[in-house]
Amino acid sequence: MRFSTLLKNPAEWMRTPGPQSDIVITSRVRLARNLTSHPFPGWARKEDRAIIMEEIRPALEDLTEMKDSFSEEMTKLSAIEKQVLVERHLISREHAAKGPGCGTVMNRNQTISVMINEEDHLRMQAIRPGLQLNSAYQSLDRIDSSLEETLPFAFDHKYGYLTACPTNLGTGMRASAMLHLPGLVLSEQINQTIQGANKIGLAVRGLYGEGTEALANLFQISNQNTLGSKEEEIIEHLDRVITQLIENEKNARLKMLEDKPTAIQDQVGRAYAVLKFAHIISSKEALNHLSMIRLGCDLGFVPEEERETINVLLTEIQPAHLQISAKRKLSPDERDILRADIIRSSLNGLTAPDFSTILTERDDDDE
Amino acid sequence: MNCDVCQTEKATVFFSQMAEGKLQKVNLCKGCADEKGVTDPTGFALADMLEGMGEESTPEATFAPDELICDSCGFSQTDFKKTGRFGCADCYHVFDEGFEGLLEAMHKHTQHTGKSPASFPDLPSAPESIDPDAPMKASPLDELSELKQSLSKSVEDEDYEEAARLRDAISQLESQIGDS
């Protein structure tokens, strides 16, 4: 499959709703694996990495799950193409910076993506819409089991799967979910929530992983420990915590609707006005307003169908996606203009938010 | 909390690093952090800095002529200190000493309980008990049928001494199989 074909198909998770997808955008699971008798990518010479890739790439391409896949060496991709893959969460920022002997393989609907010679020889990822950590893990587990028939994975009875960094030892598994938590942010409970998650061995990060800002009220929550628990136990624990977080988020929203309905109306209304009429808009401003429109969907002020448009926009307005659609390099100023254009045309059919549910309740209060 | 180096300014940079198989932490103020080059992680080793402060570390750690090196990939303990990552899978056995303590700081437990490749027996047996050079040991049943074949051959050959020995061996093996 060519890169242009990959681009034309938005990732499956953007188009199909999953369980709890009002609050959980995606569930992702990744497994780290290494081959025996080869140095890890960070310590390997260029020639070693090339040999490792020659061993891994055909094994991946032969999998039935990866039929008609997109498979490429990192050196064959332009900087913007690599950035597009980062913006779609298909490769890491670190992998985008990699050179010779590194590659990436992904299936057509972008539910499975594999990085070759990132920090480990193999980093395989499955992504699903909504809260579906277990199904994401199951699909990856099958791929892992098929691969181990041909690839000799480095494994130790005590330490489990051997990884370049000891923080990934054991299962080599990182499970994470992307949550939309505007209620907890607006009610200022988010810091407490993050600290609480940290205390029980979970990490909370921004939109693009480690060290990134929490834009659009989106947070990634993932397991820290990989050694000493079974894969299913790690996922079950994370699942339980996320279910609780969903509950907290819903309560925060209900409480805000009760205590300060006008404040929410104002936020959603402003977001609508800006997105609908702006001609210059930064990524950050756009993302934060899109978050409010999404909240409007959840609360019934904005038609449910808009959720998909918002999901697609979250990715389409990122810098590399804009430059791909313009077919040329754009300065930041040019990007802000194109971004506003794309948002206006995408939201063309969007009518003003309907706050009648809140207004009726307010009338009731007056009586 | 004050800076560990100057002890006067408020610490704003918190640095952790694995060194000597232990997790070490240093709290620094902005000035000392810049001076020590903490902002450049490749050129900074926490252990070296602690030594510079003249405490918490022994002088012989600054240079190690007998430093452990992984035979398979040439990775050294210093490399691990610098990067926090290993060079290859074999490094885990080479740098085993003190590693457990480091793992305890990172993970809940230090014994893997999750998935294992199908080619690895699913037993929690110690890896060192398996000698890859030892010949494959036949199962008792295979051994038994082999013995029986030899027995009939020795009877045919009229080697009754050997036949008696084999008969005893067979009955011993049969009782063993019956017990298990």
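**Entry 1: Leu31 and its partners**

I looked up A:L31 and found that it stands opposite A:M124 in strand β5(A). This is a predicted model, and I keep that in mind for every entry. I then looked at strand β8 (residues 173–180) of chain A, where the bridge partner of A:L31 is A:M173.

I noted the strand pairings next. Strand β1 (residues 24–33) of chain A runs antiparallel to β5(A), and eight bridges join them. β1(A) also pairs with β8(A) in the antiparallel sense, over seven bridges.

**Entry 2: strand β5**

I asked how many residues of β5 (residues 122–129) of chain A are buried. I counted eight of eight, and the strand is mostly covered. A:L122, A:M124, A:A126 and A:R128 point one way. A:R123, A:Q125, A:I127 and A:P129 point the other way, and all of these are buried too. I wrote down the general rule beside this: side chains in a regular strand alternate between the two faces of the sheet.

β5(A) has another partner, strand β4 (residues 112–116) of chain A, and this pair is antiparallel over five bridges. I found A:M115 bridged to A:R123 in β5(A). β4(A) and β5(A) form a hairpin with five residues between them. In the turn I noted A:N117, which has a positive phi of about 60°.

**Entry 3: the whole sheet**

I followed the strands across the sheet. It is an open sheet of eight strands in chain A, in the order β2-β3-β4-β5-β1-β8-β10-β9, with antiparallel pairing. Which strands stand at the edges? They are β2 (70–73) and β9 (202–205) of chain A. Each has a single partner strand, so one side of each is left without a neighbour in the sheet. I recorded an average twist of 15° from one strand to the next.

**Entry 4: helices on the sheet**

I looked for helices that touch these strands. Helix α8 (residues 190–199) of chain A lies across β9 and β10 (218–223) of chain A, and runs at about 145° to β9(A). Helix α9 (residues 231–259) of chain A packs on the sheet and touches β1, β8, β9 and β10 of chain A. The direction of α9(A) makes about 15° with that of β8(A).

**Entry 5: helices α10, α11 and α12**

I started with helix α10 (residues 261–277) of chain A and α11(A), whose axes come within 8 Å and cross at roughly 125°. The two are therefore oblique to each other, and the crossing is left-handed. The contact includes A:V268 and A:A271 of α10(A) and A:M292 and A:I293 of α11(A). By class I noted eight nonpolar, three polar and no charged residues.

I then took helix α11 (residues 283–298) and helix α12 (residues 306–316) of chain A, whose axes come within 10 Å and cross at roughly 160°. That angle makes them roughly antiparallel. This crossing is left-handed. Among the residues that meet are A:L287 and A:L290 in α11(A) and A:I310 and A:L313 in α12(A). The residues of this contact divide into seven nonpolar, no polar and three charged.

I listed the buried residues of α12(A): A:T309, A:I310, A:N311, A:L313 and A:L314. What covers them includes α2 (12–15), α11 and α14 (332–346) of chain A.

**Entry 6: the two chains**

Last, I looked at the contact between chains. It takes 31 residues from chain A and 30 residues from chain B. On the chain A side I noted 12 nonpolar, 14 polar and five charged residues.

Notes. Residues numbered from 1 in each chain as written. Chains lettered and ligands numbered in written order. Predicted model: local features only at pLDDT ≥ 70, side-chain atom pairs only at ≥ 80, totals over all residues. Axes fitted to C-alpha atoms, helices over the stretch in contact; angles between N-to-C directions. Helix = DSSP H or I, 4+ residues; strand = E, 2+ residues; numbered from the N terminus. Parallel < 35°, antiparallel > 145°, perpendicular 65-115°, else oblique. Left-handed = near helix turned anticlockwise from the far one by under 90°. Contact = placed C-beta atoms within 7 Å. Nonpolar A, V, L, I, M, F, W, Y, C, P; charged D, E, K, R; others polar. Buried ≥ 20, exposed ≤ 12 C-beta atoms within 10 Å, placed from the backbone. Pairing = 2+ DSSP bridges.
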